[in-house]
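Please open the model in a viewer and keep the selection panel at hand. The stops below proceed from one chain to the other, with a proposed selection at each.

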Amino acid sequence: GAMRSRAEVDATLQTAKLNPEELLPAVHCLSFGPQAGAGDCCLLQLEPGLCAELEAGRSLVIRGEKDEQAVLCSKDKTYDMKIADTSNMLLFIPGCKTPEELNADQASCDIIHSQIAGFSNHYWELRRCRPKLKKLRKLLMEDPYEGPDSQKDQTLTFSKYTTEDLLSLIQASEEEILHQLQVIDACKIEGYWRILEFDYEMKLLNHVTQLIDSESWSLSKVPLRTCLEELGSLEPREMIEHILLSYGRKYIDDAGEVYFEMHEDKICRAIAQMLLQNAVKFNLSEFREVWQQSVPDGMTTRLDQLKGLALVDKTSRPETICLLKVEDLPEDNQERFNSLFRIREKWTEVDITPYIQDLCAEKQTVGTLLTKYARSSMQNGVKVYNSRRPIS
Amino acid sequence: EAAFLSRSEGAGGLARWVLVELQGEVEPRQSGGLAGSLLGDLHYTREGVPVLIVGHHILYGKVVQLEKPFAVLVKRRAGESGPAGPQTHYTVTALIKTKLLFKTRPKPIITNVPKKV
C-alpha cells in the first residue's frame with residue numbers, strides 16, 4: 001500500500017483528539033513487512049552472559065536428535081530450551097527508535113516508515129542445565145580400545161568418533177565435552193576418541209605398578225623416560241604415557257625430567273573394580289583382605305576410595321559388598337532415584353550421596369535433591385530415605 | 001541433529017530491534033494477508049510515553065528495558081548433512097533489549113457527530 005503522508009498522520013491525530021504539541025515530532029508508521037506472516041523469525045530469551053557472547057561475535061548451537069529435548073550450547077554452558085507462551089502478541093520491529101534515541105538525534109526524520117519483520121505469541125526460554133554427558137561414555141563404549149594386538153581394530157567400523165562427531169551428537173557445550181573426555185580418561189588414537197577396554201587398561205596399569213615395584217621407585221616420583229624404555233617393547237609408547245597420565249599427576253623437575261606422582265586412591269579403586277566385577281557379591285571382610293594384598297606395596301586400601309563404585313551392605317550377616325557404578329545409572333533425576341530405590345529400599349545420606357552427587361545443578365545440594373525426590377524417616381535412630389511413591 | 005545460531009554477517013555489530021507487545025491477536029483487515037498492510041501510527045509524548053493509534057483505538061503504553069534481552073532468530077534452509085543428519089541454520093539477526101508494552105485497554109476514538117442544525 002501507499003506510504004502514509006504527514007497530512008494523513010496529522011489528520012489521524014486530530015480525529016483522535018491528540019495534541020501534537022504534547023508529542024515528539026517524529027512518528028513511526030508501522031506496517032507489516034513482506035515476510036512478516038511467514039513465521040521464519042522466532043524469539044530466544046537470553047540468559048545473562050549469552051547476550052554478551054553474541055555481541056562479541058560468538059555462535060550458539062542448538063543440539064538434539066528427534067528423540068531428545070533440544071538444548072542450546074554456548075562455548076562452555078548448556079541450557080534446556082522450552083517454549084513459553086504469552087497471552088499477548090509480540091511484534092518485532094527493526095529500526096524502531098525509543099524516545100531517548102529520538103531526543104538524542106535532533107535531525108531525526110519526521111516520519112519513520114517501520115516494517116514489522118515478524119510477530120509471535122511465544123518465545124524460547126532457556127534454563128541452565130547439566131550437560132547431557134552419559135551418551136558420551138555410551139558412544140565410546142561401543143568400541144573400546146583393546147590394544148594394538150586386537151583384531152577388532154583392523155576392520156572398518158563406524159563406531160569411532162572424532163571431536164567433530166562428538167560435538168554434533170552430544171547435548172553439551174564443547175568445553176563440557178572436552179572436560180568430560182579428560183575425566184573419563186579417554187585418549188585420541190589415530191584421530192578418534194577411544195576409551196580403553198578395562199582389561200587392557202588393567203594390563204597397562206599392571207606393567208607400570210610391577211615396574212615401580214621392581215625398581216623400588218617412590219610412588220610420587222615415577223620417571224616417564226625409564227617407563228618408556230622398559231615397557232616400550234611390550235606396549236605402544238602412547239599407551240604407556242596415557243596410563244601414567246590417567247593414574248598419576250605429571251610434573252617436571254628442575255632438571256627438566258618428566259615424573260608422575262601416582263594417585264594411590266585411583267589405583268586402589270581400579271583394582272577393587274577388577275576384583276568386584278568377577279562376582280555378584282562378596283563377603284566384605286574377605287574382599288578387604290584380598291584387595292589389600294592386590295594393591296602395590298606401600299598403598300593402603302580404604303572403603304571410602306570406592307564411593308560411587310561399590311555398595312556395602314551392613315545389614316546382612318556377614319556384611320557384603322558389590323559393584324554398583326554410578327555411571328551405569330540413569331541420567332534423569334527421577335529415573336536415577338527410582339533405580340536406586342529399586343536396588344535398596346532405604347538409604348542413609350552417607351550411602352546415597354555418591355550416587356546422586358552428579359545430579360546437582362549449579363547451586364543445588366544433595367540435601368535439596370533428597371527433599372525433592374525422597375521421603376525421610378528414622379530407623380534405629382538413624383535418618384533414612386526412601387521413595388516417595390511405590391516402586392515397581 | 002544440530003542447529004547453528006550464528007551472527008549475521010554485517011559490519012558494526014548486531015542490529016538492535018524493538019519489541020511491541022499488544023493484547024489480542026493480529027488479524028488482517030483486508031483479505032490478501034498481512035504483508036504490506038498498515039498497523040498504525042506510533043507516537044511518543046514529550047514525557048516518553050508511547051502512544052499507538054491502531055484503527056479506531058488509542059493505546060497508551062510504556063517503554064520497558066528488558067531484564068533478559070531477546071535474540072531474533074531467522075531460520076535458513078537446511079544445509080549439507082553432518083554426521084548427525086541434516087543441520088538447520090538459524091541466523092541471529094538482531095538483539096532486542098527494549099519493548100513497548102501496551103497493556104492498557106484501548107480507548108476507542110469517537111469521531112465528532114455534527115450537531116443537527
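Begin with chain B, whose elements run β-β-β-β-β-β-β-β from the N terminus on. The model is a predicted one, and in it chain B has eight strands and zero helices. Colour chain B by burial: of its 117 residues, 47% are buried. Switching to a surface display shows an accessible area of about 6900 Å², with 52% of it belonging to carbon and sulfur atoms. If contacts are drawn within chain B between residues at least 6 apart in sequence, 65% of them join residues at least 24 apart.

**First stop: where chain A meets chain B**

Select S31(A), which belongs to strand β1 (residues 27-32) of chain A. Is S31(A) buried or exposed? With a relative accessible area of 12%, S31(A) falls under the 20% limit and is therefore buried. Beyond residues up to four places away in sequence, S31(A) touches S114(A), Q115(A) and I116(A) in its own chain, and G36(B), S37(B), L38(B) and L39(B) in chain B.

Move next to I116(A), one of those partners, in strand β6 (residues 111-116) of chain A. I116(A) counts as buried because its relative accessibility is 0%. Setting aside neighbours within four places in sequence, show the contacts of I116(A): in chain A they are L30(A), S31(A), F32(A), G33(A), A36(A), L91(A), F92(A) and I93(A), and in chain B the partner is L39(B). L39(B) is thus a residue to keep displayed, as it touches S31(A) and is also in contact with I116(A). For a sense of scale, draw a distance from I116(A) to S159(A): the two lie 43 residues apart along the chain, and their C-alpha atoms are separated by 48 Å.

**Second stop: the domains of chain A**

Colour chain A by its domain assignment, which gives domain 1 (6-128), domain 2 (133-147 + 160-195), domain 3 (198-262) and domain 4 (299-387). The C-alpha centres of domain 3 of chain A and domain 4 of chain A lie 35 Å apart.

Now select E68(A), in the loop between β3 (60-63) and β4 (71-73) of chain A. E68(A) is partly exposed, its relative accessible area being 23%. Which residues does E68(A) contact, leaving aside neighbours within four places in sequence? They are K135(A) and Q171(A). A C-alpha distance drawn from E68(A) to Q171(A) reads 8.9 Å, although 103 residues separate the two along the chain.

**Third stop: three helix pairs in chain A**

Two packed helices are described by the angle between their axes and the distance between the axes. Each pair below can be viewed in those terms.

Select helix α7 (residues 198-215) and helix α10 (residues 264-276) of chain A; their axes are 11 Å apart and the packing angle is about 130°. That angle makes α7(A) oblique to α10(A). Show side chains for the contact: F198(A), M202(A) and L205(A) come from α7(A), while I267(A), A270(A), Q273(A) and M274(A) come from α10(A). The crossing of α7(A) and α10(A) is left-handed.

Continue to helix α8 (residues 224-231) and helix α9 (residues 237-247) of chain A, whose axes come within 10 Å and cross at roughly 135°. The helices α8(A) and α9(A) are therefore oblique to each other, and their crossing is right-handed. Here L224(A), C227(A), L228(A) and L231(A) of α8(A) meet R237(A), I240(A), E241(A) and L244(A) of α9(A).

Finish with helix α12 (residues 333-343) and helix α13 (residues 349-356) of chain A, which pack at an angle of about 140° with axes 11 Å apart. This makes α12(A) oblique to α13(A); the crossing of the pair is right-handed. On the α12(A) side, display R336(A), F337(A) and L340(A), which meet I352(A), Y355(A) and I356(A) of α13(A).

Keep α13(A) selected and colour it by burial. Which residues of α13(A) are buried? They are I352(A), T353(A), P354(A), Y355(A) and I356(A). Adding β14 (310-313), α12, β16 (347-348) and α14 (366-373) of chain A to the display completes this view, since the buried residues of α13(A) pack against these elements.

Methods:
Residues numbered from 1 in each chain as written. Chains lettered and ligands numbered in written order. Predicted model: local features only at pLDDT ≥ 70, side-chain atom pairs only at ≥ 80, totals over all residues. Heavy atoms only, no water. Helix = DSSP H or I, 4+ residues; strand = E, 2+ residues; numbered from the N terminus. Buried < 20%, exposed > 50% of the residue type's maximum accessible area, 1.4 Å probe, protein only. Contact = heavy atoms within 4.5 Å. Areas by Shrake-Rupley, 256 points an atom, 1.4 Å probe, with all protein chains shown as cover. Domains from an automatic or database assignment. Axes fitted to C-alpha atoms, helices over the stretch in contact; angles between N-to-C directions. Parallel < 35°, antiparallel > 145°, perpendicular 65-115°, else oblique. Left-handed = near helix turned anticlockwise from the far one by under 90°.
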